[in-house]
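Welcome! Take a moment to look over the sequence and the 3D view, and then we will walk through the sheets and helices together.

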Amino acid sequence: MSFTIKDVARLANVSIATVSRVLNRSKPVSPEVREKVMKVVDELGYNPNPVARTLIMKESMLVGVLISDVANTFISMFVRGIEKELFQHGYTTLLCNTNGDTDVELHYLNLLSDKYVDGVVLLTSAPKQEQIDFFNKYDIPVIFSSHTDKDSRFPCINIDDYQASYDAAKYLIGLGHRSIAFFCGPMEYYQTIRRFDGYKQALADYGIEYQEKWLFDKDYDIESGYKSGMELFAQADRPTAVCCVSDMVAIGAIRAAEDSGVSVPEDVSIMGFDDIPIAGAYRPALTTIHQPVYDLGAGSAQMLLKQIREKGNYIREAKILPHEIIERESCRALTD
């Protein structure tokens, strides 16, 4: 026999709206009422039809999370924070790996809209035109995570990329380094530009001339760090330090140094960015910029849930979480 939400409400002696609140965790109810409703649900073996619930309540309890690289440790830590927070509120996460391809990303966004997701977390980039056009067309709550919307159109959560990179370069300058290379990501990314600008401004503020030959704009992975390192360490007048856009890039740079006969940190100091778990376990352990990755993920989920609940009354937020420098073994002070 098939039971309905009306049967549950009748046997529990509560309203249909109260049963809905209990099952969807949409509004608070007393522990006594929740226990009474759930007892009837268990006795009847009631299983609400998710499609019907979506059509009636206009809620699917599904959230899409778009990422650029499922193998990236930073991203996996970020997603863990998102998933845990959403799960605690009864939401299921649909993870979509775009591999950094805009066409793939748009395919997933259209697919998610067809699934009536309640919201989307984008971990792929700062807002670009294709995304702007999509969210102008479809009124779906969205958070841009670990990126900043420079035009203040969308809610976002991030650290201050400019200041963090500035602080990294300033730290190396404080150790006595006057020749500092920069291994960054693709310059079409706003995040990359902000980190590059912070690095460059720190040099300018301390009277150090920027050297374009020491800028390498590849990607955020180990392979990119290795390739950039092999190119840099082949130069006759190599710098004494390298600022890297990510810990993965820094690890690649250390490997390149080893293969080039260059010692870290004796011959060159290498600075990471992110503070992923391997940063402290690698040898030499990475001095790096620490991002509160898990908190950024959980914060993304909290902001999205607030946007979903407040709907038309939601006021756009732009949150900046703090960063800090973690000193380990990959950087040293110059003595002469």
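In what order do the six strands of the open sheet with mixed pairing stand? The order is S7-S6-S8-S9-S10-S12. Please keep in mind that this is a predicted model. The points below start with that sheet, go on to an open sheet with parallel pairing, and end with the packing of helix H5 on helix H13.

**The sheet with mixed pairing**

- At the edges you will find strand S7 (215-217) and strand S12 (324-326), and each of them pairs on one side only.
- From one strand to the next, the twist averages 20 degrees.
- Strand S6 (residues 180-184) pairs with S7 in the parallel sense, over three bridges.
- To see this pairing for yourself, look for Phe183, which stands opposite Phe216 in S7.
- Helix H8 (residues 161-174) packs on this sheet, where it touches S6, strand S8 (241-244), strand S9 (269-274), strand S10 (287-290) and S12.
- The direction of H8 makes about 160 degrees with that of S9.

**The sheet with parallel pairing**

- Here, too, six strands form an open sheet, and their order is S2-S1-S3-S4-S5-S11.
- Strand S2 (92-97) and strand S11 (318-320) are at the edges; each has a single partner strand, so one side of each has no neighbour in the sheet.
- In this sheet the twist averages 15 degrees from one strand to the next.
- Strand S5 (residues 156-158) and S11 pair in the parallel sense over three bridges.
- Asn158 has Ile320 as its bridge partner in S11.
- H5 packs on this sheet and touches strand S1 (62-67), S2, strand S3 (119-122) and strand S4 (142-145).
- Compare the directions of H5 and S1: they make about 175 degrees with each other.

**Two helices that pack together**

- Two packed helices are described by the angle between their axes and the distance between the axes.
- For helix H5 (residues 73-88) and helix H13 (residues 293-310), the angle is about 40 degrees and the axes are 7 Å apart.
- Because of that angle, H5 is oblique to H13.
- The crossing of H5 and H13 is right-handed.
- On the H5 side, the residues that meet H13 include Phe74, Met77, Phe78, Ile82 and Leu86.
- On the H13 side, the residues that meet H5 include Val293, Tyr294, Leu296, Ala301 and Leu305.
- The residues of this contact divide into 11 nonpolar, four polar and three charged.

Technical notes. Residues are numbered from 1 along each chain as its sequence is written. This is a predicted model: local features need pLDDT of at least 70, side-chain atom pairs count only at pLDDT 80 or more; totals for chains, interfaces and linings use all residues. Side-chain values use heavy atoms; hydrogens and water are left out. Two strands pair if DSSP finds at least two bridges between them. Helices (H or I, at least four residues) and strands (E, at least two) are DSSP runs, numbered from the N terminus. Axes are lines fitted to C-alpha atoms, for helices over the stretch in contact, and angles run from 0 to 180 degrees between N-to-C directions. Contact means heavy atoms within 4.5 Å. Angles under 35 degrees count as roughly parallel, over 145 as roughly antiparallel, 65 to 115 as roughly perpendicular and the rest as oblique. A crossing is left-handed if the near helix is turned anticlockwise from the far one by less than a right angle, and right-handed if clockwise. Ala, Val, Leu, Ile, Met, Phe, Trp, Tyr, Cys and Pro count as nonpolar, Asp, Glu, Lys and Arg as charged, and the others, Gly among them, as polar.
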